[in-house]
Amino acid sequence: MRYRIGVDIGGTFTDCVVIVEGGVIHTFKELSTPEDQSIGLYNVIAKAAAFFGQDLRTFLGGADLFVHGTTVATNTLLTGTGAKTGLILTKGFRDTLEMRRAHKDNIWDLFLHIAQPLVPRYLRRGVAERLDYLGREVTPLNEGEVREICADFRKEGVTAVAICTLFSYLNDSHEKRIRAIVEEELPGVFVSHSSEVLPQIREYERQSTTVANAYVGPKLTVYLTNLEQKLKGDGLEKAFYVVASNGGMMTADTAIRHASATLLSGPAAGATGAIFFANMTGARNLILMDMGGTSFDVTLINDGTVTLSTEGEIAGYRVAKPMIDIHTIGAGGGSVAWIDQWGMLNVGPESAYSYPGPVCYDRGGVKPTVTDANLLLGYLNKDFFLGGEMKINEEKCRQMMEEKIAAPMNMGLEKAAAGIFQIVNQNMADAAKVVSVQKGYDPREFALVSAGGACSIHACKIAEEVGSDTVIVPMAASVFCALGMLESDIRLDNVRSFTGTIPGLSLEDFNTCIADTEKTAMEELLKEGVETKDALLERYLDMRYVGQHHEVTVPIPGGCVITEGQLEEIAQVFHAAHKRLYSYDTPATPLEIVNLRVTAVGTVPKTDLSRQAAGDLKVGDAVKNTRKLYFEEYGDWKDVPVYDRALLTVGHRLQGPAVIEERITTIVVHPKWDARIDEFGNVVMEIRKGATNE
Amino acid sequence: MSEKTTGAALEKRKAEFEGAKDPITFAVIYNRLLTINREMGITMINTSISPIFAEAHDFSCAVCDWDCRIVSQVDGVPSHTASAMESVKAIVKYFGDDIHPGDVFVLNDPYMGGTHLQDVTIMKPIFFGGRLQFIAINRAHHGDVGGMEPGSYCPKATELFHEGVRIPPLRIYSGDEPIMDVINMIRINTRMPEEIWVDMKAQVASCNVGEKRILEMMEKYGEEKTRETIEDIHLYAENRMRDEIGRLPDGVYHGHATLDGDGLVDEPLDIKVKITIQGRDALVDFEGTSPQCLGPSNSPLANTATCVYVAFLTTVTTPDIPHNEGVYRPIRITAPEGSVVNPSGNAPVAYCTLDTACAILEACWMALADILPGRVPAGWNRWNGPTVSGVDPRNENFYVMFGFNGFGGAGGAQSADGRPYIGDGIDLGGLIAPNIETNEVDYPHITEFNEFTEDSCGAGEYRGGNGARYRIKFYDGAETNLVMFGDGRVNPPYGLFGGLPGTCNMAYINEGLAGEELLPAKGAVTLTDGGTFTSYPSGGGGWGDPKKRPAEKVAMDVKNGYISRRAAQEIYGVALTEGFGVDAAATAKLRG
């Protein structure tokens, strides 16, 4: 038996997926162990090994691949428990990190809390040195000052050092020399320099990323090094990979050097799940929605490719590493509904979390939540909550909804619950529009993929709101992330600042820059254990119209020397991308290149999933019972059939309104929608022909 | 007995509001409008070319209803709040029934609903069912609209005509097609005719997005329900503001702020404000304010009103209150005609959205401080940056660079130190500073430093944020034109409740070199051969007695270099040991 193992650490559960050659999937779950994530990891692989009747050593030894999605770096940043970090920078610019480019998220809030800089001012130290805008030395490096700073850092007990000087992306000689001195003076300290982490113009973003890298680096190093050693000691022979923010994998060694590239490892795995799903079903345009207890994440997959953004903010810190473009809002099953003192009904962003949780959990929660509304509307089954594992207090739920929402608004209980349902749907639809409409994609050309336990109750209504006519609820929705990880490639991002205009570009300089970057990229990739036949290089340019301040990243032809003719094609690609994003282009305006990006990809063979055969049962045989659901369309309750998902098989079709239930996921097929089961066991909901989607 | 003390009137109004027929649709439409404003803003950021929009976000997007009332607004900077409403009124008054689908209007005249001439407001009427329902608005500060100096801040201007092109209510699109002859009339009056046109098109694109989304919304909810809900949204906001005002003790509260001067006449300008709280109403009166001035410090009434609203929105209410016409109803503003806060004739106004706006905001905050001590901050920095222009010796192109580096600090407030390096008060942190690297690539200079100035922050239990000293050196042989249009050279950000003021703004050319010169707060100077510009923007004022600041915090401030050892000892009464520890005995003695 040949197989691959993927383990993803989530907030509550640690998921393990084993894909056996031939495409059969096995999934396992254990509780996460936040204090040491490797404990949960070991628990879940032990469970998997037992399932296959093997001891751990045999199980690990037989794996072709072991992929791990970890939140160690993210949690370190979120909880402020990283290394005591020192920062060495160009003299005269000590406060770049704390200035944050004077950006303020909400100008109206005079008391807005902002994340404190990861390096306090006394550990941010300037050294005499300077390069100009072309990377030419203006002031030589004062090495004596670097040594003095190191002596102070030693006294302060600094365990990580970040180095970021002006224009180092053009000329890394000063930074490299500083690094050499630091390594000499402070042996054993974790060091990151900006021209390695992110050789890209814009010192605030570069510095912030380099500092985040140094800050989380030591913890991630300890975690990954120990884990890899332990797994190898316990029999793992093949490669051990970590999921990065860009949705690709990298070896533990690379992840340690580029610690900041793993900050979105967890959610990125979800997006890889969606890509896997796109490949499986052939649906190339997807909007992935993941609704949990407290948050709602959306990601857009266009033509089978996830959209990446070149930077973002994590826990209030700017990180300019390519990351999967995920939009998150505070809307989930635990989102609290409340009426402000002037009478407006709001849902979220406050959450009841899992404790005390929604009122109906009966753990002391008194604030009605989205889950409570779903229960009162009949969408959730009070007798089959978490497959019947959880007892629900419907009476208390009803009482609190009446007291907190319905009575003050002077409306019936159903109306109030339906109002909460409608408002949260609108918030989620607006989030889906941020990644689609606002980026120039028409949601009518996309199917919504509904993941997470509660999402499929809302999915049809969100689809109606954004104008999409298909919703897919994938099989194995609850281990979506771990599944996707196993099907991702090794992806290493490289960026180099390159300044040039079209027309006016020196092709020679440009091709030299590409060749240099590709050489480095390929070397790095081969170090990951990738064989040359599986290696490929993707090229991108960050470009804009001369005068603009925001770039658009466009792919350019690979594997060749760029010619004048290709430059013309690149310009056309840029104009088209600009038009899609911003509704216009101006082909007469010259273009400016800002960065060259080379992504080295080590392809991993994909699994061909086994298809299900049609069963003997008729669709009507899957009906468990009927139950009353409230629909705003009818303004009334309606008896609808409840189907057992386990009994639904390929080719089954049913009409909404209906409910499809399984242990964790409840699907509400709303009025005007039909559902069918596809050959992989996914539930596909489509708006009924003739029913208008408005 | 006043209305509020009985509580009955309050209940009555609540009851009125809660009569809203469909609270769910109300919440849905309210949120949808904000989403629409945000989408309009994203379109603007991504398609405009001037750094002032793309980087500094000096624009705002709003939607007005059929009665010229702002329904919702999302601002880049606060100085646009509410004032666009006056522009819409001017359009409707002038064009009356001659407003059609596919029209786009423009206006910038300060005496016809604008603020200063750089703020160009684009408006697009939205029709549904054959009736004018809404107007999408985009107001944006353009880099140059003509006048005596590049950038249109003109220190020598004594008439509005000196400051650039005046645009009365004007139709620039008909049937969604631009009327180029009219548009070219505007463009030819500016130094950057290409840029202004591209950026105006970005404004129009932004309004088009607003129109499209509003129409989708009306399709869904229908005219009647939409209009009914809009009335509720106004009423909701009004009710919230009235409740907040109702909680304040009745009385008359005074505040004042002083501007250094208008840059032409060496005389300070006094802004005096009297805020009367009466039940659930506020009356704001500027009696006693200096007469209008010769130079460009005059603030047209719409701009003055905006500053008053900003003062209320930042302290009296919480940040999530809707910004619409309803919220402004309880606040009545009067100002003597011919004063610096309500000028008449053709007085120049370019500084009104910065210096004068800061001073009006400060005066109102001061008046409110006594009744809202926990909400009102100490004084913020006033503007200290120049506009720099010249010919770039690297490519012979003419350039204009705004001084968006070297920002000052915010004032401290109860429970929070002021933020360092955040910019002037009236912008409330809305302006974003460019990176040193992109700035040096874009403009011909090298930056020598941009970092916090020790002791620039006003001392207090909660101290002000530090300002940042900033120096740039121009290329040898280059000729550079610097226009200063700041203030606060002699009037520092105020301290509150025993807190001390921040430092004063300072700026020099060639500091420490031959030809060193202290620059005026307002004025123009030309450097003929390289040279340097250095600014020392003020830190924010302090809040509360510095001696009450915990000694450990003071010690950390010294270790971090925000304040000096001497300031710790003399102002905060904290003695430090050899290192950065607190000398408890000596401190107790100093603090008495």
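Let's start with contacts in chain A, counting two residues as touching when their C-beta atoms, placed from the backbone, lie within 7 Å. Of the contacts between residues at least 6 apart in sequence, 66% join residues at least 24 apart. A word on what you're looking at: this is a predicted model, where local features need pLDDT of at least 70, side-chain atom pairs count only at pLDDT 80 or more, and totals for chains, interfaces and linings use all residues. Residues are numbered from 1 along each chain as its sequence is written, with chains lettered from A and ligands numbered from 1 in the order in which they are written.

Now the secondary structure. Chain A has 17 helices and 35 strands; these are DSSP runs numbered from the N terminus, helices being H or I with at least four residues and strands E with at least two.

Here's a sheet worth turning to. Four strands of chain A, in the order β6-β5-β9-β10, make an open, parallel sheet; strands pair if DSSP finds at least two bridges between them. β6 (124–127) and β10 (190–193) of chain A each have a single partner strand, so one side of each is left without a neighbour in the sheet. From one strand to the next, the twist averages 20 degrees.

Which strands does helix α6 of chain A touch? Helix α6 (residues 173–185) packs on β5, β9 (160–164) and β10 of chain A, and its direction makes about 175 degrees with that of β10(A). Angles run from 0 to 180 degrees between N-to-C directions, with axes fitted to C-alpha atoms, for helices over the stretch in contact.
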